[in-house]
Amino acid sequence: HTQKLESLPATSLARKKCESTKAVYVNDNTALGSYRVRRGYQRYGAAAYFDRDFHLIGVYTCCDGKYYDRPSKLADIVDGIDEVNFEFQEFDEWRHALWAWRVSALALVTVADHLVNVHMIAANALVSTSRTYLPIDHPLRAFLKIFTYRTISINSKAFLTLTMPKGVINRNWAFQDDDLQRLLETTPCTFKKNFKDYIPASMRDVQEYPANHDLVVFCDAVTELVRDFLTIIYDAPGTKERPQLMRNINNDKDLQAFLEALAKQLGLVKSTDLSNFSDIV
């Protein structure tokens, strides 16, 4: 959720509400601002702004519709240099804005990104399509079990304990029951076939952005693992005692059916076109 501010649409809330000319980056969680909360709580949704050196310089909060500049003397207060002539009301407002941003980021990542997209969409699609279309003795199904172990049990328990009205999410966060269900139901699928595509386009030239290193290394490791295994299945040379498996992408109908169903569930294709998996198949 961190991007260069200029990459956001001019009509976006996070961009319109920025009052600093020094802002270069923004961590935007204002999408939660449209969801109602229970009486006594403030709405979620906030955006944090950073300068070109990644210093936090301001926060916009949806609960009151205000932009807060980082107090100019905050560094001196923290360092114990200047404890006089400081407006503590300004400091308290700043701390409240930081808290609003922190809990908004946690709520958006936990509920939308992790629970809905990782568990209910991606993991569910992988386990359901592999068990539906790959025979129990198919080597790819055995390989995928590494990544889908206990997915069905975990997702079932998550549905019963986390997402239901009066469930754990409802109690841990302040969303009204019906608005929480709306958030869960309307969260779009953000699945990317290549993990590197999760890095926002505007951040890919920022060397100091950790994901540009960590996520790339992780993606390369997983890709190498999968390709090595597929090579063993489809391209390993046979021996006199153990002939080569006569299985390839063209005659493995089970694999074709699996990829088609997986692509549809994850929104990668609108038909049986497998071009989205061209780098694999």
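The following exchange goes through some of the labels given to this predicted model and the values on which they rest.

Biologist: What makes Tyr25 and Phe54 a stacked aromatic pair?

Modeller: Their rings lie 5.1 Å apart centre to centre with 25° between the planes, and since a pair needs centres within 6.5 Å and stacking needs planes under 30 degrees apart, both conditions are met and the pair is called stacked. Tyr25 belongs to strand S2 and Phe54 to the loop between S3 and strand S4 (56-61), so the pair ties together parts that are 29 residues apart in sequence.

Biologist: Why is Tyr25 called buried, and why is Phe54 called partly exposed?

Modeller: Buried means under 20% relative accessible area, and exposed means over 50%. Tyr25, at 8%, falls under the lower limit and therefore counts as buried, whereas Phe54, at 37%, lies between the two limits and is therefore partly exposed.

Biologist: How do you know that Phe143 and Phe229 are stacked?

Modeller: The ring centres are 4.1 Å apart and the planes meet at 15°, so the pair is stacked. This pair links distant parts of the chain, with Phe143 in helix H4 (residues 139-148) and Phe229 in helix H8 (residues 211-234), 86 residues apart. Phe143 has a relative accessible area of 7% and is buried, while Phe229, at 21%, is partly exposed, because the limit for buried is under 20%.

Biologist: How do you know that Cys62 is in no disulfide?

Modeller: The structure holds zero disulfides. For Cys62, the nearest cysteine sulfur is that of Cys63, 7.7 Å away, and because a disulfide requires sulfur atoms within 2.5 Å, Cys62 does not qualify. Cys62 is nevertheless buried, with a relative accessible area of 17%, and Cys219 likewise counts as buried, at 7%.

Biologist: What makes strands S2 and S3 a pair, and where does Tyr25 come in?

Modeller: S2 and strand S3 (residues 46-50) are joined by four bridges in the antiparallel sense, and because two strands pair if there are at least two bridges between them, the condition is satisfied. Tyr25 has Phe50 as its bridge partner in S3. Strand S1 (residues 2-4) also runs antiparallel to S2 (residues 25-28), with three bridges, and there Lys4 stands opposite Tyr25.

Biologist: Which residue class makes up most of the lining of the second largest pocket?

Modeller: Nine nonpolar residues stand against four polar and one charged, among 14 lining residues in total. Helix H3 (residues 88-133) gives the largest share, six residues, and the volume is about 260 Å³.

Conventions:
Residues numbered from 1 in each chain as written. Predicted model: local features only at pLDDT ≥ 70, side-chain atom pairs only at ≥ 80, totals over all residues. Heavy atoms only, no water. 1 Å grid on protein atoms, 1.4 Å probe; cavity = no way out; pocket = protein on both sides within 12 Å on 5 of 7 lines; lining within 4 Å. Points joined across faces, edges and corners; volume = space filled by probe spheres on them. Helix = DSSP H or I, 4+ residues; strand = E, 2+ residues; numbered from the N terminus. Nonpolar A, V, L, I, M, F, W, Y, C, P; charged D, E, K, R; others polar. Buried < 20%, exposed > 50% of the residue type's maximum accessible area, 1.4 Å probe, protein only. Phe/Tyr/Trp six-rings, centres within 6.5 Å; stacked < 30°, edge-to-face > 60°.
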